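User: I should like to learn how the interfaces of a protein model are read, beginning with the domains inside one chain. Please take me through the case step by step.

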Amino acid sequence: MIRIISGGMLTTVQDRGRFGHMKSGITVSGAMDLRSYETANRLVGNAEGEAALEATLIGPVIELCADTVFAVAGADLGLQLNGAPVSTYCAHSAKAGDRLSFAARKSGCRAYIAFRGGIAVPPVMGSRSTDLKAGIGGHMGRKLQSGDVLPLGTASGVPFYGIAEKEDFSAPVKTLRVVMGPQDDRFTDAGIGAFLQGEYAVTPQSDRMGIRLGGTAVETKNGSDIITDGICMGAVQIPSDGQPILMMADRQPTGGYAKIANVISADLPLAAQLIPGDRVRFQAVSVQEAQQLLLAQREKLANIRAQSAASRYRVTVDGHVYDIEVRPVE
Amino acid sequence: MTKMEIAKLKVSGDSAILVEFENRIAPEINRLVRSFTMALAGKNIPGIVEIVPSYRAVTVHYDPSFILFDALRKALKDVLAHLDEAEIPPATVWEIPVLYGGEEGPDLSFVAHHSGRSEEDVIRIHSSAEYLVYMLGFTPGFPYLGGMDAAIAAPRLKAPRLKIPAGSVGIAGQQTGIYPIASPGGWQLIGRTPVKLYDPMRAEPVLVQAGDYIKFTAVDAAEYARIAAEAEKGSYRCRTWRKEG
């Protein structure tokens, strides 16, 4: 178990998301930055899809109620263990009574805190993700607050006591690659030109539902209203004011604004780490290229697992089978 | 033109393809959406994560680790080419009991006044049609219904209510609908159903599917209370039948 001493700005339980119910109007939710979430999970040896905590800008203070292994990846929010700075992107053993906290944000927006065994809140519709708007999943369907106690699951894998490649989210201007469509034909040449050549600033009205941008308005041919259809993660919606909105994890599954493009999956983690004031540029790539980039990225993530597996052995002594973990003595 | 020729396949990022039929809202277009959705689901193509039907399009979400764009596009074209031969079961009609007027339908008198009819007439007209569920969205389980008689159309409220109780049945312009969860809204409320259209803890969290039909039926306060008690226990089952034609 872990106890929340302070919830920070917005800390929620998230996994990969609630799939299979978009057709019923149910939001997917899930980790905004799936790459950092997966990295933290793999570092502690969790099975894919175990729930972790997503902390936003100001991290939580957490007291451990039992010995465990944890790892933090994503934004650098100033991770500390018992008041002393410790590294992100690597697994740490910790004892009951230890305190995890965050001093101050250095870069990025969202940090993922994974514990060995995962956050074992009951799944709702097949997912432990918190859907803040519908008030379901996670811990009582809401953000974490002081006094909350969360159960940890039984550890199934072996933690990887190494260091995963750290991502840097500090660049002030980020290039997000996009695949054009499905409604890019609704925009004028000038509108498409503005979108692909302009620079857009992230506004404070950004949240888990959408990252709202401000810059040169993207001009439509005949308005931005379309007959309502599906919205994908990373869809770039252009409402009537012409200012792009990146539709993120808590987006509604359908909507009625034209979508000029979709941020590629490999660059969605970068989008998830944007904070107000950051600037973005868009660059068009083909769908085929986007998919190759995603597959390459997934392969890199799988390597964390491969290295983790290397420290585990199965030996047979006198006919008895033993699983042995090899890890550094602390 | 064949069905395949009127469908357009559009890139919707690297993990979805939008299959778009004619760009208008009409029952015959939505029927194509339903047929395609069912035919595609029946194929069990590995890598398809979710199929989301809407008014005139279907969003096919997929995982590029299992199937890439070019292969999926080909598979979708194949399903479209054989859509005429696909056996699609008739749609389900759901009977939704409604207590009209009173506290449950505070705007019934406005709608009656606006349409120049009696409240009884509004109830009779509203509960006589079978409404097509074009799609679900907006909130969990919110059905976008089509087919309401223009005679009982009414404008939205000038100032939306901050909280509308779950189960409220309303009219906005020529649309009618049900609020599955308590939410803000500007529709004219004419009644309320005790049926839970959405319950996250139920095995099937949302009752009605896109392509189904809803038929409202008027009940009195005693019947409403009886159904509400059953719905609370999870034992109430709506009457359903197969849509004819």
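Analyst: Domain bounds come from an automatic or database domain assignment. The model shown here is predicted. In chain B, the assignment gives domain 1 (3-85) and domain 2 (92-242). Taken over C-alpha atoms, the centres of these two domains of chain B are separated by 30 Å. Their contact takes 8 residues from domain 1 of chain B and 8 residues from domain 2 of chain B.

User: How is the size of such an interface expressed, and what area is buried between domain 1 and domain 2 of chain B?

Analyst: The size is often given as the accessible area lost when the parts come together. Between domain 1 and domain 2 of chain B, about 730 Å² is buried, with carbon and sulfur atoms giving 60% of that area. On the side of domain 1 of chain B, Asn30(B), Arg34(B) and Tyr55(B) supply 61% of the area buried against domain 2, more than any other three residues.

User: Which helix of chain B gives the most to the side of domain 1 that touches domain 2, and how many salt bridges does the rule find across that interface?

Analyst: The rule finds 0 salt bridges between the two domains of chain B, and 1 residue pair in polar contact. Helix α2 (residues 27-43) of chain B gives the most to the domain 1 side, with 3 residues. By residue class, that side of domain 1 of chain B divides into 5 nonpolar, 2 polar and 1 charged.

User: May we apply the same reading to the two chains? How many residues does the contact take from chain B and from chain A?

Analyst: The contact takes 42 residues from chain B and 39 residues from chain A. The two chains bury about 3,100 Å² between them, 60% of it on carbon and sulfur atoms. Within chain B, the residues that lose the most area to chain A are Val11(B), Asp14(B) and Glu50(B), together 18% of what that side buries.

User: How many salt bridges are counted between chain B and chain A, and which strand gives the most to the chain B side?

Analyst: The count is 3 salt bridges between chain B and chain A. One of them joins Asp229(A) to Arg56(B), with the closest N and O atoms 3.2 Å apart. The rule also finds 14 residue pairs in polar contact across this interface. Elements of chain B that each supply at least two residues to the side touching chain A include β1 (8-11), α3 (69-81) and β6 (130-136). Strand β3(B) gives the most, with 5 residues. The chain B side divides into 23 nonpolar, 11 polar and 8 charged residues.

Terms used:
Residues are numbered from 1 along each chain as its sequence is written. Chains are lettered from A and ligands numbered from 1 in the order in which they are written. This is a predicted model: local features need pLDDT of at least 70, side-chain atom pairs count only at pLDDT 80 or more; totals for chains, interfaces and linings use all residues. Side-chain values use heavy atoms; hydrogens and water are left out. Contact means heavy atoms within 4.5 Å. Buried area is the accessible area (1.4 Å probe) that two parts lose on being put together, summed over both. A salt bridge is a side-chain nitrogen of Lys or Arg within 4 Å of a carboxyl oxygen of Asp or Glu. A polar contact is a pair of N or O atoms within 3.5 Å; within protein, one must be able to donate a hydrogen and the other to accept it, and residues adjacent in sequence count only if both atoms are side-chain atoms. Helices (H or I, at least four residues) and strands (E, at least two) are DSSP runs, numbered from the N terminus. Ala, Val, Leu, Ile, Met, Phe, Trp, Tyr, Cys and Pro count as nonpolar, Asp, Glu, Lys and Arg as charged, and the others, Gly among them, as polar.
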